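Reader: I should like to go through the terms used for this structure and hear the reasoning behind each of them. Please set every value against its criterion.

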Number of protein chains: 6
Amino acid sequence: MADQVSRFGAVDLDELPDDLRERIGAIAEKSGFVPNVFLALGHRPAELRAFADYHDALMERDSGLSKAERELVVVATSGANHCTYCVVAHGAILRIRAKDPHLADHVATNPWSAELTERQRAIVDLALALAVDPGVFSADDLEAARDAGLSEEEIWDVGAITALFAMSNRLAHLMALRPNDEFYLMGRVPRG
Amino acid sequence: MADQVSRFGAVDLDELPDDLRERIGAIAEKSGFVPNVFLALGHRPAELRAFADYHDALMERDSGLSKAERELVVVATSGANHCTYCVVAHGAILRIRAKDPHLADHVATNPWSAELTERQRAIVDLALALAVDPGVFSADDLEAARDAGLSEEEIWDVGAITALFAMSNRLAHLMALRPNDEFYLMGRVPRG
Amino acid sequence: MADQVSRFGAVDLDELPDDLRERIGAIAEKSGFVPNVFLALGHRPAELRAFADYHDALMERDSGLSKAERELVVVATSGANHCTYCVVAHGAILRIRAKDPHLADHVATNPWSAELTERQRAIVDLALALAVDPGVFSADDLEAARDAGLSEEEIWDVGAITALFAMSNRLAHLMALRPNDEFYLMGRVPRG
Amino acid sequence: MADQVSRFGAVDLDELPDDLRERIGAIAEKSGFVPNVFLALGHRPAELRAFADYHDALMERDSGLSKAERELVVVATSGANHCTYCVVAHGAILRIRAKDPHLADHVATNPWSAELTERQRAIVDLALALAVDPGVFSADDLEAARDAGLSEEEIWDVGAITALFAMSNRLAHLMALRPNDEFYLMGRVPRG
Amino acid sequence: MADQVSRFGAVDLDELPDDLRERIGAIAEKSGFVPNVFLALGHRPAELRAFADYHDALMERDSGLSKAERELVVVATSGANHCTYCVVAHGAILRIRAKDPHLADHVATNPWSAELTERQRAIVDLALALAVDPGVFSADDLEAARDAGLSEEEIWDVGAITALFAMSNRLAHLMALRPNDEFYLMGRVPRG
Amino acid sequence: MADQVSRFGAVDLDELPDDLRERIGAIAEKSGFVPNVFLALGHRPAELRAFADYHDALMERDSGLSKAERELVVVATSGANHCTYCVVAHGAILRIRAKDPHLADHVATNPWSAELTERQRAIVDLALALAVDPGVFSADDLEAARDAGLSEEEIWDVGAITALFAMSNRLAHLMALRPNDEFYLMGRVPRG
């Protein structure tokens, strides 16, 4: 079982509808491999399309949080949710975006006490408040984020990314989604 | 504050891009009102579009779980997540879809021990396992669902809807989203 | 099983000892029906008598908290305890006492973040502190209540009602007590 | 503060209404002291009367569970609720009723893994299931108790005593109720 | 099973290697009995030796926390960990060291709300923060201890003793280690 | 603060007493660096000595669990305890001992659902039962381990290593102990 991509199987890139094949193909060309999440969601193209749209709307957005900060939210909440695929895959992207080979391991292992800048800490605290026990999320959590200087747009980004990966993490748990081997070393070794 | 739709404001229907205005307008025409979630997400059209697409892909799907069963998953997990908007709004839809004026109150108040048919119980148990503490979700949870007769497609539906509303619930908590007044009575009073 | 009142059966009104039959009969006359809890506890008249005495001593008391505030404590803690009978039955009474058709649904679904007046929030916070994890209840919880203007008598009321329904909720869970159908609509529809 | 009986004060025996003064007086005569709980609840005679009635209806009942088993339920759930007054006072009574100087310390410190007879374990497991997280209490908990040979009457006793002390423990936490010094040694030293 | 010292058996004092036999023998001579933990760990002499060394390095240290304060940390964290052996054995030592027959019962039953001096409360709060949910331990916990006047050496003592008994408690749970009968009464009865 | 080894400072190797300097020096010679834990505990030589003794008695033991299995226990429980130092340092050792570049990331991120052999799963389940909520550890946990074929000696090893790292993890949390940079890449890159 350890060798399979997902409990629910995975499609090949060329089994996807045209738009998705092109879109995922472009990612594969850039990364050198097709991240398993796309092949594993491929048996439900409408869901994969909405997932990719939601992901891009939040993770590729130009204003507000930086790209590295967006990945910080993902790794922190995926760590709190014990989601192996997201920790390994987005840990890799965080290492690259933040140009820091150790940050992802710290944040994924212990998002509550990892040493961060004040702004990073405010981002992670807000994300954790919403990720872990959303029933007690309150105006106080927003106030703390504002006190640390986050704008309303940035607060939305943190909250919406946290929400998106609450979904993403659960899909990965449902599938027991296997991370691609390529992710483990990405961003760990200085480029020559 | 109690009168506002969302902590982050809400757009008017005619502020939305054309495709969304038509799409949400059609819902409003059918329901007699615009559910607040659409106006509250309207300040981020790309996110609203992906949200609506994901929602429709899962909640309007023809095969697999029945429409009432899909709402059962939503109400059970939203109850476990203490999400007032989703409990009130989808509780209304569940009452209508299941033609049962009491089921939603039972499932939302206590999804763990509400009295259900064996199939409904299996659906709710699987949903709760993934919703509440996803880190310990395991093959045993899937096995229990299969033992109760759920197909792989149905299991996917339960898991994916649970995941979608893990996101949805958190967006509603982020916004302190207010349910429309219309939802509270829907499906409670027998139609003449 | 869904049609039974309690896992331990229920008596008829005229099976009760005289004092209880008259007392419960008076309630039935006023409400138009006999709340199931009385019939379900009827197999142990001494316990039912003490239960009714305790209930009346706290819920019918004239000074201190208002009647609506007393029901607020009940609905908030019963929501936190996921007690369907108490949420449905006392939700109905809260709607009537507070003349608010939506308050009970908000407080029962999420007592931690429901929007309330400052005084209501102080009452609910004190109640939740004692209801959910009493081992860490401390002088700080009392201090917060005093800071919000609650008197010692009012604080006692909140605490004692919370304690009474810690019992009540557990009796209802033990019995899987079914709410009477009449409760679901009470206070939801404006009277003509 | 450590010397006071309760955060809300305590009455003297002769400040109580006649019926309560006689009733508590009889307990004092038998025990050699007035247990603090009665003086601390004395400022609300109607509540104290209902409390004493409920207590006697369950703890002095002749059929069903033995007296020692009733105290076992109290000590186990009070231990789980971290209630110092109830652990110290009812620990003393359990030592005497069970004629065992160590049982109470074991059950109060760790009700989950204390070594007990099979019947005692079934009683304690049922009590803990209802005491700690009542929202997930289910028919399975009752089934386990029946499998261990408990009758319906005995199951009711366990559940109702657990419920009563869910209340009692919370009242003691509210008051920071101080145990009488006499309780600490009762039943620990063999009588000459 | 209730009569055995440990699930993994226990050695006799004279089965131990010379150094341990002398060392444990000296304790036995002083106490009048051999605490069961030493006989139960005796099947692994190297581990017993390291355990005794670690214990003495922290519990017999002359500077920093007083001996009674060291036992306070042990009883508080062992209570939070529901460890019967450590609560009974170190409860006895705490009674003697603090010359207080009731303190140990209060701290073991409810370390969170036991009434303590301000310094004792700071010690216990720091210990609980590290004992119960170490993943969220943070610089704020240290700051609170410093604000209450604890020195860096004293903070280390609290933390290191808490850590040692996180181990000790788990060894006792693994073995279901039985406390010696002698511990239960030690320090409870005033010496003539 | 991010650059310091420990909140409580760190000694230099040559500040240690002779026996410890030689012992740690030998480790440094073999590894190519001095693991930070030794320098951080160096301000308390007696505690460091006992720590090293306990560690070696359990982690270098020849019989029972394999070396890789011992590290598996450490990584699983340190992951559950969110201990960054132990996850990074022992994750490295596990990669080397198990000759598997991915296992440690899986086990540390999610010890509950990482895919393992049946024997590894039994080891990790036993370790987690004792590590996370030791108060409910019971004979059933031991029985499950025996059913999976673990011997009494192996069960002791799992339990004792879990206990040792319950201590170790808390010391690292107390100190905010920084992992050496060398650990992050160890065992990730195939040796040429």
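Reader: In which helix is Asp105(C) found?

Author: In this predicted model, Asp105(C) is found in helix H6 of chain C, residues 103–109.

Reader: Why is Asp105(C) called buried?

Author: Buried means under 20% relative accessible area. Asp105(C) has a relative accessible area of 15%, and is therefore buried. Beyond its neighbours within four places in sequence, Asp105(C) is in contact with Arg95(C) and Arg188(C), and also with Tyr184(B) and Arg188(B).

Reader: What makes Ala80(B) buried, and where is its place?

Author: The place of Ala80(B) is in helix H4 of chain B, residues 67–80. The cut-off for buried is under 20%, and Ala80(B) stands at 13% relative accessibility, so it counts as buried. Not counting residues up to four places away in sequence, Ala80(B) touches Pro111(B), Trp112(B), Leu128(B) and Val132(B). The C-alpha atoms of Ala80(B) and Ala131(B) are 8.0 Å apart in space, although these residues are 51 apart in sequence.

Reader: Why does Lys99(F) count as exposed, and why does Ala176(E) count as partly exposed?

Author: Exposed means over 50%, and partly exposed lies between that value and the 20% bound of buried. Lys99(F) has 76% relative accessibility and therefore counts as exposed. Ala176(E) has 22%, so it counts as partly exposed. Lys99(F) lies in the loop between helix H5 (84–97) and helix H6 (103–109) of chain F, whereas Ala176(E) is placed in the segment after helix H9 (152–175) of chain E.

Reader: What is notable about phi in Ala176(E) and Lys99(F)?

Author: Most residues other than glycine have a negative phi. Ala176(E) is not a glycine, yet has a positive phi of about 50°. Phi of Lys99(F) is near 50°, again a positive value in a residue other than glycine.

Reader: Let us turn to helix packing. Why are H3(F) and H9(F) called roughly antiparallel?

Author: Two packed helices are described by the angle between their axes and the distance between the axes. The axes of helix H3 (residues 45–59) and helix H9 (residues 152–175) of chain F come within 10 Å and cross at roughly 150°. Angles over 145 degrees count as roughly antiparallel, so H3(F) is roughly antiparallel to H9(F). H3(F) passes H9(F) in a left-handed crossing. The residues of this contact divide into ten nonpolar, two polar and one charged. Among those of H3(F) are Phe51(F), Tyr54(F) and His55(F), which meet residues of H9(F) including Ile161(F), Leu164(F) and Leu171(F).

Reader: What makes H4(A) oblique to H9(A)?

Author: Helix H4 (residues 67–80) and helix H9 (residues 152–175) of chain A pack at an angle of about 45°, with their axes 9 Å apart. Roughly parallel requires an angle under 35 degrees, and roughly perpendicular one from 65 to 115. The angle meets neither condition, and H4(A) is therefore oblique to H9(A). The crossing of H4(A) and H9(A) is right-handed. The residues of this contact divide into five nonpolar, four polar and two charged.

Reader: How do you know that H1(A) and H3(A) are oblique to each other?

Author: Helix H1 (residues 18–31) and helix H3 (residues 45–59) of chain A pack at about 40°, with their axes 11 Å apart. An angle under 35 degrees would count as roughly parallel, so H1(A) and H3(A), at about 40°, are oblique to each other. Their crossing is left-handed. From H1(A), the contact takes in Asp19(A), Leu20(A) and Arg23(A), and from H3(A) residues including Arg49(A), Asp53(A) and Asp56(A). By class, there are four nonpolar, no polar and five charged residues in the contact of H1(A) with H3(A).

Reader: Which residues have the most contacts inside the largest nonpolar core?

Author: They are Met167(A), Leu171(A), Met167(B) and Leu171(B), in a core of 119 residues. Leaving aside neighbours within four places in sequence, Leu171(A) is in contact with Leu41(A) and Phe51(A), and with Tyr54(B), Ala160(B) and Ala163(B).

Reader: How do you know that chain A and chain D are not in contact?

Author: Contact means heavy atoms within 4.5 Å. No contact joins chain A and chain D, and their closest C-alpha atoms lie 16 Å apart. Chain B and chain E do not touch either, with their nearest C-alpha atoms 16 Å apart.

Definitions and conventions:
Residues are numbered from 1 along each chain as its sequence is written. Chains are lettered from A and ligands numbered from 1 in the order in which they are written. This is a predicted model: local features need pLDDT of at least 70, side-chain atom pairs count only at pLDDT 80 or more; totals for chains, interfaces and linings use all residues. Side-chain values use heavy atoms; hydrogens and water are left out. Axes are lines fitted to C-alpha atoms, for helices over the stretch in contact, and angles run from 0 to 180 degrees between N-to-C directions. Helices (H or I, at least four residues) and strands (E, at least two) are DSSP runs, numbered from the N terminus. A crossing is left-handed if the near helix is turned anticlockwise from the far one by less than a right angle, and right-handed if clockwise. Ala, Val, Leu, Ile, Met, Phe, Trp, Tyr, Cys and Pro count as nonpolar, Asp, Glu, Lys and Arg as charged, and the others, Gly among them, as polar. A nonpolar core is a set of buried Ala, Val, Leu, Ile, Met, Phe, Trp, Tyr and Cys residues joined through side-chain atoms within 4.5 Å. Buried means under 20% relative accessible area, exposed over 50%, partly exposed in between (1.4 Å probe, protein chains only).
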